[in-house]
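Below are some remarks on the model, set out as numbered points so that each can be checked against the coordinates.

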Amino acid sequence: MTDVMTSAPSRRLLGPALAGFCGMLVGVGLGRFGYPPLIPVMVEAGWASPTALRLAGAFNLAGYVVGAVSAIGFARWLGLRRAALVAAVLSVLAFALSAVPLPEWAFIGLRAVSGMTGGIFMIVVPPVIASVVAPSHRGRAGGITFAGVGIGFVLSGIAVPLLAGSGPAGAWLGLAAVLTLASSVMMILLPRSPPPEAPQASAAAASVAWRRSAPFLGLAAAYGGASIGYVPHTLFFVDHVARDLGYGLAAGGWIWIASGATAVAAPLVAGVAADRFGYAAALRIVVALMAVGAALPALTSNFALLMLSGMLCGGLMIGLGSLTAGRTREIVGAGAHTEAWALQTILFAVLQTLGAYGFTALLATTGSHELVFAAAGGILAAGLAIELLASQLGRSAPTQP
């Protein structure tokens with residue numbers, strides 16, 4: 001991504017960061033994570049079966065893969081601002097059209113579109129924001145940008161229970177209104193950056209080394225393991241607490257709010273921790289905590305511990321995203337950062353999608369939520385172990401600036 005408009009970086013921090021915040025709120029915070037709290041509402045209203053709604057969640061993840069893979073080409077074709085505008089309009093429409101009962105195939109398609117726009121925003125927005133702020137401000141700007149995902153958690157957790165009295169239609173339309181407002185703010189503040197450049201031949205040749213380096217592959221294992229391990233918390237956790245354990249929709253909403261509050265704070269705290277202790281150390285602590293959180297529902301039905309589980313596994317994921325972006329830059333250097341971040345994001349999306357299908361099949365076959373959550377914790381722990389081993393193997397390699 002070409003660096004532009006780097007003059008007066010301190011004065012340019014808030015505007016670009018807020019644009020990134022709104023973009024992540026639209027594409028990921030609500031576009032992807034606004035859906036799970038609506039599952040029990042739609043089931044109780046008889047709009048769709050639990051199986052169809054879980055399948056729609058899996059297709060949302062599949063759409064994210066498509067969006068992540070096509071994002072750079074999409075931005076080159078339309079230009080950055082037009083690509084962002086098209087993605088924002090599609091996000092709003094996907095929510096607004098869901099406010100009426102639809103055939104299951106049509107609803108599943110809308111969730112796929114919503115996931116696709118999330119993939120586009122995840123790839124193109126953070127590098128643009130990083131390109132217009134000074135290095136000393138990138139941590140804070142990245143934290144504000146990724147906090148948009150956490151705000152989506154909080155808004156969906158608050159809005160869905162409040163609007164559930166009017167049925168699913170009111171909830172979908174309310175969230176669509178928030179998306180419209182956030183999209184408008186994003187387009188006003190989004191920097192006028194050129195689209196991503198096509199890689200040059202020399203850059204492509206140089207990229208082979210970092211793609212095969214032990215630290216980069218280890219980071220991919222930890223991030224990929226997290227992408228699979230936190231899937232049950234995004235698809236099944238709220239519904240499991242609300243209906244299977246009998247705590248009710250409001251209790252599930254409060255857990256989602258607590259997870260969202262953690263997701264708001266996590267990238268900001270993670271940025272401070274990375275500055276103080278290094279990206280690698282902060283990342284490992286987060287993955288370890290996520291593994292504990294993922295496995296907790298397999299061990300207890302205590303509500304306080306379930307809320308902690310949501311905060312550790314669901315909430316810390318956003319902080320892990322910001323840490324992975326920073327750690328990727330450390331490993332590959334500034335020149336390859338956009339390409340490397342795209343690869344990490346695509347791998348994350350692909351593994352997450354496979355995890356969604358796998359965990360859905362496992363739950364359908366066994367009926368055991370405990371087995372699903374235990375497997376999720378084990379996958380997270382395995383990814384962390386691989387990253388630690390790879391880091392040891394690559395310790396002698398120089399770190400990129």
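1. This is a predicted model, and the aromatic side chains are a convenient place to begin, since the structure holds 11 aromatic pairs. One of them is formed by Phe95 and Trp172, whose rings meet edge-to-face, with 5.1 Å from centre to centre and 70 degrees between the planes. This pair links distant parts of the chain, with Phe95 in helix α4 (residues 80-96) and Trp172 in helix α7 (residues 168-189), 77 residues apart. Phe95 and Trp172 are both buried.

2. A second pair is made by Tyr223 and Phe348, where the ring centres lie 4.6 Å apart and the planes are at 35 degrees, so the pair is classed as tilted. Because Tyr223 belongs to helix α9 (residues 214-229) and Phe348 to helix α15 (residues 337-366), the pair ties together parts of the chain that are 125 residues apart in sequence. Tyr223 and Phe348 are, again, both buried.

3. Phe95 and Trp172 should also be viewed in a wider setting, as ring pairs join Tyr35, Phe95, Phe107 and Trp172 into a cluster.

4. Turning to helix packing, the axes of helix α6 (residues 135-163) and helix α14 (residues 303-332) come within 10 Å of each other and cross at roughly 150 degrees. With angles over 145 degrees counting as roughly antiparallel, this makes α6 roughly antiparallel to α14. The crossing in which α6 passes α14 is right-handed.

5. On the α6 side, the contact is made by Arg138, Phe146, Val149 and Phe153, while α14 contributes Gly314, Ile318, Gly321, Ser322 and Arg329. Sorted by character, the residues of the contact of α6 with α14 comprise four nonpolar, three polar and two charged.

6. How many of the eight residues of helix α11 (residues 237-244) are buried? Six of the eight are, so α11 is largely enclosed by the rest of the structure. The buried residues are Phe237, Val238, Asp239, His240, Val241 and Ala242, a list in which Asp239 counts as charged.

7. The elements that cover the buried residues of α11 include α2 (38-45), α3 (50-78), α10 (231-235), α12 (249-277), α14 and α16 (369-393). Helix α14 therefore deserves attention in both settings, since it is roughly antiparallel to α6 and is also among the elements covering α11. After α11 comes Gly246, whose phi is positive, near 80 degrees.

Note on methods
Residues numbered from 1 in each chain as written. Heavy atoms only, no water. Axes fitted to C-alpha atoms, helices over the stretch in contact; angles between N-to-C directions. Helix = DSSP H or I, 4+ residues; strand = E, 2+ residues; numbered from the N terminus. Parallel < 35°, antiparallel > 145°, perpendicular 65-115°, else oblique. Left-handed = near helix turned anticlockwise from the far one by under 90°. Contact = heavy atoms within 4.5 Å. Phe/Tyr/Trp six-rings, centres within 6.5 Å; stacked < 30°, edge-to-face > 60°. Buried < 20%, exposed > 50% of the residue type's maximum accessible area, 1.4 Å probe, protein only.
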